[in-house]
Amino acid sequence: MHIYNYKQNSQSPHHILDPDYTYHTSYEAEILYHFFKNLIIPQNINTMASIYIEYQVLPFLFEKYPFIYQKISPYILKEIMQYLDFGNANLYTNQTNMFFIIMFDVTSEQINTAFLNLKKHLIQKNFLYKNHNCQFDIKCGVYFSHTYIHPFEFYKCAQEQFNNTLKHEEIMISMNYLFNKILFSCCLYK
């Protein structure tokens, strides 16, 4: 798995997901600009998947206890690398409770299986912190697309699928597929 490091300076030989070919002004897009510029992209691509993942350490909310998430984030990163390192994966992390992954030529079945195994593994990793029994809750949104999608739109579509999981407690993965201008949707329930 390629993990984006902003100090790394490799250039992509393709114009696929190249942010130089679009105009953007949002702060989030500016942060992701270098991630997209440094993607490791295979030569022949049929499909791409973007995965937006967030986790929670229950009962501690990220908004109130961000320092806990900064300490736990490297552990979650290691677990994500163990379970989701396929499909020429490129991962963006900012050491919070969010991860963003781009994969190439993967199937929904591969992602479903890997994510379910990751979730099952994290559920078993309860721990004690400040006299609280803590457990992980993790959800993701996945967006499949053709290769000519705007890079920041690719991110936003995965994030939108993640937001679908937040609206419905019983959903842990929400997926959308955009192929030949036809949109398909599916959800994986607990």
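Met98 is in contact with Tyr52, Ile53, Glu54, Tyr92, Thr93 and Tyr155, leaving aside its neighbours within four places in sequence. The model is predicted. Met98 lies in strand 4. Its relative accessibility is 9%, so Met98 counts as buried, the cut-off being under 20%. Tyr69 is 29 residues away from Met98 along the chain, and the two C-alpha atoms are separated by 9.7 Å.

**The fold**

The chain has four helices and eight strands. Their order along the sequence is β-α-β-α-β-β-α-β-β-α-β-β. The chain has 190 residues, and 49% of them count as buried. Among contacts with a separation of 6 or more, 69% join residues 24 or more positions apart. About 10200 Å² of the chain is exposed, with carbon and sulfur atoms supplying 52% of that area.

**The cores**

The largest nonpolar core holds 35 residues. Ile53, Tyr55, Ile80, Ile101, Ile111 and Val142 touch the most other members. These elements each supply at least two residues of this core:

| Element | Residues |
|---|---|
| Strand 2 | 48-58 |
| Helix 2 | 66-84 |
| Strand 4 | 98-104 |
| Helix 3 | 108-123 |
| Strand 6 | 132-145 |
| Strand 7 | 171-179 |

Helix 2 gives the largest share, eight residues. A second, separate core has 23 residues, including Ile41, Tyr52, Phe100 and Phe152.

What does Ile80 touch, not counting residues up to four places away in sequence? Its partners are Met1, Ile53, Asp85, Leu91, Phe99, Ile101 and Leu118.

**Helix 2**

Ile80 is also among the buried residues of helix 2. The others are Ile68, Tyr69, Ile72, Ser73, Ile76, Leu77, Glu79, Tyr83 and Leu84. In an α-helix, residues three or four places apart point the same way, because there are 3.6 residues a turn. Where does helix 2 bend? The bend is at Ile72, by about 40°. A proline, Pro74, follows within four residues.

**Helix 3**

Helix 3 covers residues 108-123. At 1.5 Å a residue, its 16 residues should span 22 Å. The expected span uses one less than the number of residues. The end C-alpha atoms are 22 Å apart, so the two values agree. Which residues of helix 3 are buried? They are Ser108, Ile111, Asn112, Ala114, Phe115, Leu118, Lys119, His121 and Leu122. Of these, Leu118 is a contact of Ile80, and Ile111 is one of the core residues that touch the most other members.

Methods:
Residues are numbered from 1 along each chain as its sequence is written. This is a predicted model: local features need pLDDT of at least 70, side-chain atom pairs count only at pLDDT 80 or more; totals for chains, interfaces and linings use all residues. Side-chain values use heavy atoms; hydrogens and water are left out. Buried means under 20% relative accessible area, exposed over 50%, partly exposed in between (1.4 Å probe, protein chains only). Contact means heavy atoms within 4.5 Å. Accessible areas come from the Shrake-Rupley method with a 1.4 Å probe; for residues, only the protein chains shown count as cover. A nonpolar core is a set of buried Ala, Val, Leu, Ile, Met, Phe, Trp, Tyr and Cys residues joined through side-chain atoms within 4.5 Å. The bend at a residue is the angle between axes fitted to the seven residues ending there and the seven starting there.
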